[in-house]
Amino acid sequence: MTDQPSVRRSLEDRVVLCADCDATRTLSQSIFGNLVCSTCGSDNWMHMPVTANVKESVSIRGEITVEEDLTIEGCVEGRIELGDHNLWIGPQGNVAAEICAKSVIIAGRVKGNIFASEMVEIRLSGNVEANIRCPRISIVDGARFEGSIDTGTKTNAIPRTEPGKAKSARMAQGASFGRLLSDPKVQ
């Protein structure tokens, strides 16, 4: 049997995603012994195995190549290459860069091109001016997006139509993640 206090202590001060703050935070122990967000006290959080972090006071100009997940709360200008890892841009993050990652979650400001092998998610506080290429995308109602979205891949590209002859489009059935279908009869 695991000693509960030692498990709690090992998770204290870890970076988590607080659903109520919509930001990365650390955990602390409440007076009842529960692990809660150290900022708002919410127990609605998810552990994020983030090991690299660009803090709010940090500003980087150039190319960033990271072989692990990355959180950006500061300013980055240039190119971000994460390969098969995830990028989280926090509410205070300001990025003007070309981004290549597995998944990109945006709660801050992004300007540039985004290439994701799995998905891009734009949160409510997200402000994005970008050309996005990824197989799946989620844009929360109220988030700001300006640019283009390409959900096709070289082997499974969405057919292009001539200007003025666009087919009607709809989201595939499912949760907030879907795939844009060009033919309304296709399920």
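Biologist: I'd like to learn to read a salt bridge. Which residue forms one with R144, with the closest N and O atoms 3.9 Å apart?

Modeller: Happy to help! The general idea is that side chains of opposite charge can pair when their charged atoms come close. In this structure, which is a predicted model, R144 forms a salt bridge with E129, and 3.9 Å separates the closest N and O atoms. R144 sits in strand β14 (residues 144-150) and E129 in strand β12, so this pair ties together parts 15 residues apart in sequence.

Biologist: Are those two side chains buried or exposed, or something in between?

Modeller: In between. A residue is called buried under 20% relative accessible area and exposed over 50%. R144 has 35%, so R144 is partly exposed. E129 has 23% relative accessibility, so E129 is partly exposed too.

Biologist: Which other side chain meets R144 in a salt bridge, at 3.2 Å from N to O?

Modeller: That is E146, whose 46% relative accessibility makes it partly exposed. Now widen your view: R109, E129, R144 and E146 are linked in a network of salt bridges.

Biologist: How many salt bridges are there by this rule?

Modeller: The count comes to eight. Try finding one away from that network in your viewer. R61 forms a salt bridge with E77, where the closest N and O atoms are 3.6 Å apart. This pair links distant parts of the chain, 16 residues apart, with R61 in strand β6 (residues 59-65) and E77 in strand β8. R61 counts as exposed, because its relative accessibility is 70%, while E77 is partly exposed at 38%.

Biologist: Let's turn to the interior. What is the general idea behind a nonpolar core?

Modeller: In soluble globular proteins, nonpolar side chains tend to be buried together. Here, the largest nonpolar core has 28 residues, and L70, I80, L87, I99, I114 and V120 touch the most other members. The elements giving two or more residues to this core are β5 (52-54), β7, β8 (75-81), β9, β10, β11 (109-122) and β12 (127-133).

Biologist: Which strand supplies the largest share of this core?

Modeller: β10 does, with six residues.

Biologist: Could we zoom in on one core residue? Which residues does I114 touch?

Modeller: Leaving out residues up to four places away in sequence, I114 touches I99, V104, I106, V120, V128, A130, N131, I132 and R133. Select them in turn and you can see the surroundings of I114 build up.

Biologist: Next, strands. How do strands β7 and β9 run where bridges join them?

Modeller: When you read a strand pair, look at the direction and then at who faces whom. Strand β7 (residues 70-72) and strand β9 (residues 86-89) run parallel, joined by three bridges. Within this pair, T71 stands opposite W88 in β9. β9 also runs parallel to strand β10 (residues 94-106), with four bridges between them. There, I89 has I106 of β10 as its bridge partner.

Biologist: Finally, how do I read the chain as a whole? How many helices and strands does the protein chain have?

Modeller: It has one helix and 16 strands. Of its 187 residues, 35% count as buried. For the outside, the protein chain exposes about 11,000 Å², and carbon and sulfur atoms supply 50% of that area. As for how contacts spread along the sequence, take those between residues at least 6 apart: 13% of them join residues at least 24 apart.

Technical notes:
Residues numbered from 1 in each chain as written. Predicted model: local features only at pLDDT ≥ 70, side-chain atom pairs only at ≥ 80, totals over all residues. Heavy atoms only, no water. Buried < 20%, exposed > 50% of the residue type's maximum accessible area, 1.4 Å probe, protein only. Contact = heavy atoms within 4.5 Å. Areas by Shrake-Rupley, 256 points an atom, 1.4 Å probe, with all protein chains shown as cover. Pairing = 2+ DSSP bridges. Core = buried A, V, L, I, M, F, W, Y, C linked by side-chain atoms within 4.5 Å. Salt bridge = Lys/Arg side-chain N within 4 Å of Asp/Glu carboxyl O.
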